[in-house]
Amino acid sequence: MTIKQGMKAIGHLDADCFYVSAERVRDGFLRGKPVGVLGNQGACVIAKSYEMKGAGVSTGMPIWDALVKCPEGVYVKRDFRWYEVLSRLMLEVAREVSPRVEYYSIDEFFFTVVEPRGGTFQGLADSIRDRVWERVGVPVTVGIARTRTLAKLISDAAKPFGALAVMDRGAEERLLSDRPVTEITGIAGRRAARLAPWGITTCLDLARADRRLVRSLLTASGEELWWELNGDPVRSVQARRPAHKALSRGGSFGESTSDPAVLHAWLVRNLERLIEELEYHGVSAGRLTIAIPYKSGQLGVGQVNLAVPSDRFDVLLDVARPALRKAWIPRATATHMHVIAEHLTSRSDCSGDLFEPPARGVRARAVAQLKREVNARHGRFALRSAATLALAPIYRDAANSHDICDVRGKSCF
Amino acid sequence: MCLGIALASSEIPNELFARHALGHRVHERGGEPEVRFLYRDRHPRLPVWRDGRLQIARWGNAGRKSRFLPETGWTWQATIDQGYWKNLNPVMVDIPASLGLERGVWYRIRQGVRGLLVPDENRVAVVYMICEPSSHYYQIMTRSTRMPLLIEERI
Ligand SMILES: [Mg+2]
């Protein structure tokens, strides 16, 4: 007698309008109503319920446009502390059904599954969705397929509150023939435009195209997608996040600004957050980039390489200032800022700057240590650079001290 | 400033509906009825908790029904602190609300808003909504420089 090994597959779990669903878990009043979660200090809709989506509101829309589309909408403030709590509860459920789970984003996981003895993948997908609903109260959609690219396409197609396992080629092809290529993660405007002249517009077109053509049009990563669409798993589920190539902090200002003093304050705020992250990962930055998108559509960029990699506030601020000057466009109105650390090296590999007076380094380390201890005891940013004074209202709002990027361990963002 | 509130109908006893003819203030949102109290109503009213009972009070002194009360529906917390209302024997009350309305934005309120209840010359109860300077979030969301004083909530 031979024991048949259970068939293997990949699952994708994705919460339905996650931030809104998370708000509804703790606030029944919001159920059934058009709800928008506001981010960017209240300026934009960062998540909307299906009711609000039906009225024409899209993610990222300024609240003033959303009001026109959906005057009956109810607006709530984002709370990433709460969303992270629910995210980790959902992750726990996924870990009960799978030995290998990738924490892809705050509301999306990939995981490996084996066909249950005496059961089906479809039954498994149903049970995962129901278990999350019963245990966490968040509606999710689960897709199960032979590859992660297929699993994600399937869960996208089955939304909301769906569960769908598609394992045979016929069913896969029916699904792929309905979906435009742009629904595949990683194929946006420019790559889709390269495919169009070859008549490749649906996912099925891409799957049936010549592999070498796809490689020439979309490089090796496009070829990976081709294999995946054809049911060959080449992208694995990463239970542990690979080491970061870059770390960054920043985002929208909420209120746009052309004031250099305010820009400088944002630089210091983002740098202090970035340094927390460098410290957490035990790395030093060898290169710092400041990117500033402007209302006009222009992008200002300043980039500096450090002679010696560092995670020190004084050293990084010294190089960040001239980078900010380069990224600054006088009188133009800036909307966002990103401070990006690259060429990361493990702190233990850093030899330190041999040309710096030793006392300076000792003092900077002592200040950093003090800052960490005070903030650990009295709350994040309790002790911070006085250069952030121009942003007092941002610090006064506790919601700003825990953002989506502060939810650690995600493989996407 | 907050130009109106909505309260889920389920929060209001039937007896109050009839007594204050609230029927015409009922609207539906997502299939759930709610009662809207707007300052621009012909007879502006607000619900208030007084002596452990929910009551409906006149909101402010629009149309100068009273000759000596201020002709507005709001007061700053700072004005109360400075003692300007002292001689009117004011009572602090809670205004229950599910939603606030400001410049077209309906935003969620978890419990309600603080209010100040005073009698006019005919001993009719008049409620003023208490406000404070807007938080950064509130100001960006509504473009208003003042916000209602929310009960045990910061947005
Ligand atoms: Mg989602």
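Student: Is A:A15 buried or exposed?

Tutor: In this predicted model, the relative accessibility of A:A15 is 3%. A residue counts as buried when its relative accessible area is under 20%, and therefore A:A15 is classed as buried.

Student: Which protein atoms are the donors of the magnesium ion?

Tutor: The donors lie 2.1 to 2.4 Å from the magnesium ion, and along the chain they follow the spacing D-A-x91-D. One of them, A:D14, is buried, with a relative accessible area of 7%. The protein donors are A:D14 (OD), A:A15 (O) and A:D107 (OD).

Student: Where does A:C17 lie, given that it has a positive phi although it is not a glycine?

Tutor: The phi of A:C17 is about 30°, and this residue is buried because its relative accessible area of 18% falls under 20%. As for its place in chain A, A:C17 lies in the loop between β1 (8-15) and α1 (18-26).

Student: Is A:R331 buried or exposed?

Tutor: A:R331 is not a glycine, although it has a positive phi of about 70°, and its place is in the loop between α12 (313-327) and β12 (334-342) of chain A. Its relative accessible area is 74%, and a value over 50% counts as exposed, so A:R331 is exposed.

Student: Why is helix α4 of chain A called oblique to helix α5 of chain A?

Tutor: The axes of α4 (residues 80-97) and α5 (residues 121-136) of chain A come within 10 Å and cross at roughly 140°. Roughly antiparallel would need an angle over 145 degrees, and roughly perpendicular covers 65 to 115. Because the crossing fits none of the named ranges, the relation of α4(A) to α5(A) is oblique.

Student: How many residues of the contact of α4(A) with α5(A) are nonpolar?

Tutor: On the side of α4(A) the contact is made by A:L86, A:L89, A:M90, A:V93, A:E96 and A:V97, while α5(A) contributes A:I128, A:R131, A:V132, A:R135 and A:V136. Three residues of this contact are charged and none is polar, which leaves the nonpolar ones, and their number is eight.

Student: How many of the 11 residues of helix α6 of chain A are buried?

Tutor: Helix α6 (residues 148-158) of chain A is described as mostly covered. Among its buried residues are A:R148, A:T149 and A:L150, and A:A158 is buried as well. The number of buried residues in this helix is nine.

Student: Which peptide bond is cis, with omega near -10°?

Tutor: The bond leads to A:P160, whose place is in the loop between α6 and β8 (163-165) of chain A. The cis peptide bond is the one from A:K159 to A:P160.

Key
Residues are numbered from 1 along each chain as its sequence is written. Chains are lettered from A and ligands numbered from 1 in the order in which they are written. This is a predicted model: local features need pLDDT of at least 70, side-chain atom pairs count only at pLDDT 80 or more; totals for chains, interfaces and linings use all residues. Side-chain values use heavy atoms; hydrogens and water are left out. Donors are N, O and S atoms within 2.8 Å of the metal (3.2 Å for Na, K and Ca); water is not among the atoms, so sites may look incomplete. Buried means under 20% relative accessible area, exposed over 50%, partly exposed in between (1.4 Å probe, protein chains only). Axes are lines fitted to C-alpha atoms, for helices over the stretch in contact, and angles run from 0 to 180 degrees between N-to-C directions. Helices (H or I, at least four residues) and strands (E, at least two) are DSSP runs, numbered from the N terminus. Angles under 35 degrees count as roughly parallel, over 145 as roughly antiparallel, 65 to 115 as roughly perpendicular and the rest as oblique. Contact means heavy atoms within 4.5 Å. Ala, Val, Leu, Ile, Met, Phe, Trp, Tyr, Cys and Pro count as nonpolar, Asp, Glu, Lys and Arg as charged, and the others, Gly among them, as polar.
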